[in-house]
Amino acid sequence: MNLLITGCCGHIGSYITDNIHKIKNIKKTFIVDNLESNRFYSIFSSKKKNNLKFLIKDLTNKKSLDDLDNIDFVIHLASMTNAEKSFGKKNKMYENNISCLKTVIRFCKRTKAKLIHVSSTSVYGKQTEVVDETCEQKYLKPQSPYADIKLIEEKMLKKENKFLNYNSFRFGTISGVSKGIRFHTAVNKFCFNAAINANINVYKTALDQYRPYLSLKDAFKVFKFCIEKNFFHNDIFNVLSGNFTVNQILTKIRKYKKNINIKLVNSPIMNQLSYHVSQKKLNRYGLILNSDIEKDIRDTIKLLKNI
Ligand SMILES: NC(=O)c1ccc[n+]([C@@H]2O[C@H](COP(=O)([O-])OP(=O)(O)OC[C@H]3O[C@@H](n4cnc5c(N)ncnc54)[C@H](O)[C@@H]3O)[C@@H](O)[C@H]2O)c1
């Protein structure tokens, strides 16, 4: 079977691409990126056994995948992704991310490839003990243009329900090392700043708020599970390794870097309240995710140990 990964140079895409040989029955993998993020190094030293074919394509061009055929599965990761910087950039982000998904939907409809779409747990935002996928519309309170767009994407897929085989996975904030690692999300940014003895800026209200986090190892398990078990339900699933407060994350960081400097700051996404995201729905299908994000923290800090 053949696979297409879009956004292959990104934080998640580069990890999946590197580990693709661990997914049974994948013969060839086409990997696509527009290299806008300049992460050429994500495809350096690729393993021969992964049998990759790299294509530079901008998916905002709706015909960009027209020359591809014989693909069984698509993992769609191409996206502009910085939630905090999405304020004031909504139009550009909307234009890019929605156009990319349109191109991928058009491709999947034409080739009958099954689609794995990645959304985000940032679509939740209202305080309640635990949020799950069945939560009412009123509990979906995206707090950034980035999260708004994720909800629009989910709705686009639902509308195409009859013509597609897909899953939308609401990923928690990613932790872990990959070739295309970025440092703009909570865990990684904290690790980077801890490693270089810079201030760790923490949103004032966030210290004791629970948020969902997802180890790259668990993210990979989800892709492997879908492809190997042919798990496509035209549905939405939360995906996380655990819910943690920022304080709990900082405690984990302190185990590998004793002295860290925490500075409390204001933020445009600060008005969110505490919530736990439930992972029971995916568990019911036999997929249990419990990778230890502390190991990701250790590995990330280790990257910078001589700095
Ligand atoms: N990293 C996280 O914490 C996290 C959490 C939840 C959901 N997600 C979602 O997972 C997906 C992948 O995230 P990531 O962290 O790997 O992102 P990333 O920003 O590291 O990578 C995205 C990749 O997409 C490429 N890209 C962007 N626009 C493109 C276009 N028009 N054509 C072709 N390629 C394009 C970029 O060049 C980049 O290499 C995104 O949909 C993101 O919203 C990420």
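Let me start with a small pairing. Strand β8, residues 173-175, runs parallel to β10, and three bridges join the two. Within that pair, I174 has L214 of β10 as its bridge partner. Keep in mind that this is a predicted model.

Stay with β10 for a moment. β10 covers residues 210-215. Strand β12, residues 242-245, is joined to β10 by four bridges, and here the run is antiparallel. P212 pairs with N243 in β12. Is β10 mostly covered or mostly open? Mostly covered: five of its six residues are buried.

Now the main sheet. It is open and has seven strands. The order is β3-β2-β1-β4-β5-β7-β11, with parallel pairing. Which strands stand at the edges? They are β3, residues 52-56, and β11. Each has a single partner strand, so one side of each lacks a neighbour in the sheet. On average, neighbouring strands are turned by 20 degrees against each other, direction ignored.

Look at the β11 edge. β7 and β11 run parallel and are joined by five bridges. F171 stands opposite V239 of β11.

Next, the helices on this sheet. Helix α1, residues 11-18, packs on it. α1 touches β1, β2, β3, β4 and β7. Its direction makes about 155 degrees with that of β1. Helix α5, residues 216-229, also packs on the sheet. Its contacts are β1, β4, β5, β7 and β11. The direction of α5 makes about 170 degrees with that of β7.

On to empty space. A general word before the numbers: rolling a probe the size of a water molecule over the atoms shows where empty space is left.

The second largest pocket holds about 320 Å³ of space. It is lined by 16 residues, and the closest to its centre are E133, E154, K158, R170 and I236. Which elements each supply at least two residues of that lining? They are α3 (145-159), β7 (166-171) and β11 (235-239). α3 gives the most, with four residues. By class, the lining divides into seven charged, five nonpolar and four polar residues. Note that β7 and β11, the pair with five bridges, both appear in this lining.

Then the cavity. How many cavities of 30 Å³ or more does the structure hold? One. About 30 Å³ of space lies in the largest cavity. Its lining is S14, T17, D18, S42, I43, S46, L52 and K179. α1 gives the most here, with three residues. The split is four polar, two nonpolar and two charged. So α1 comes up twice: the helix packs on the sheet, and α1 also leads the lining of the largest cavity.

Last, one residue on a loop. K27 sits between α1 and β2. Buried or exposed? K27 counts as exposed, because its relative accessibility is 62%, and the cut-off for exposed is over 50%. Leaving aside neighbours within four places in sequence, K27 is in contact with M1, N2 and N51. Compare its position with S79: the two are 52 residues apart in sequence and 26 Å apart in space, C-alpha to C-alpha.

To recap. The seven-stranded sheet is open, and α1 and α5 pack on it. The second largest pocket draws on α3, β7 and β11. β10 pairs with β8 and with β12.

Key
Residues are numbered from 1 along each chain as its sequence is written. This is a predicted model: local features need pLDDT of at least 70, side-chain atom pairs count only at pLDDT 80 or more; totals for chains, interfaces and linings use all residues. Side-chain values use heavy atoms; hydrogens and water are left out. On a 1 Å grid over the protein atoms alone, a cavity is a set of points where a 1.4 Å probe fits but cannot get out, and a pocket is an open set with protein on both sides within 12 Å along at least five of seven lines; lining residues have an atom within 4 Å of a point. Grid points are joined across faces, edges and corners, and a volume is the space filled by probe spheres set on the points. Ala, Val, Leu, Ile, Met, Phe, Trp, Tyr, Cys and Pro count as nonpolar, Asp, Glu, Lys and Arg as charged, and the others, Gly among them, as polar. Two strands pair if DSSP finds at least two bridges between them. Axes are lines fitted to C-alpha atoms, for helices over the stretch in contact, and angles run from 0 to 180 degrees between N-to-C directions. Contact means heavy atoms within 4.5 Å. Buried means under 20% relative accessible area, exposed over 50%, partly exposed in between (1.4 Å probe, protein chains only).
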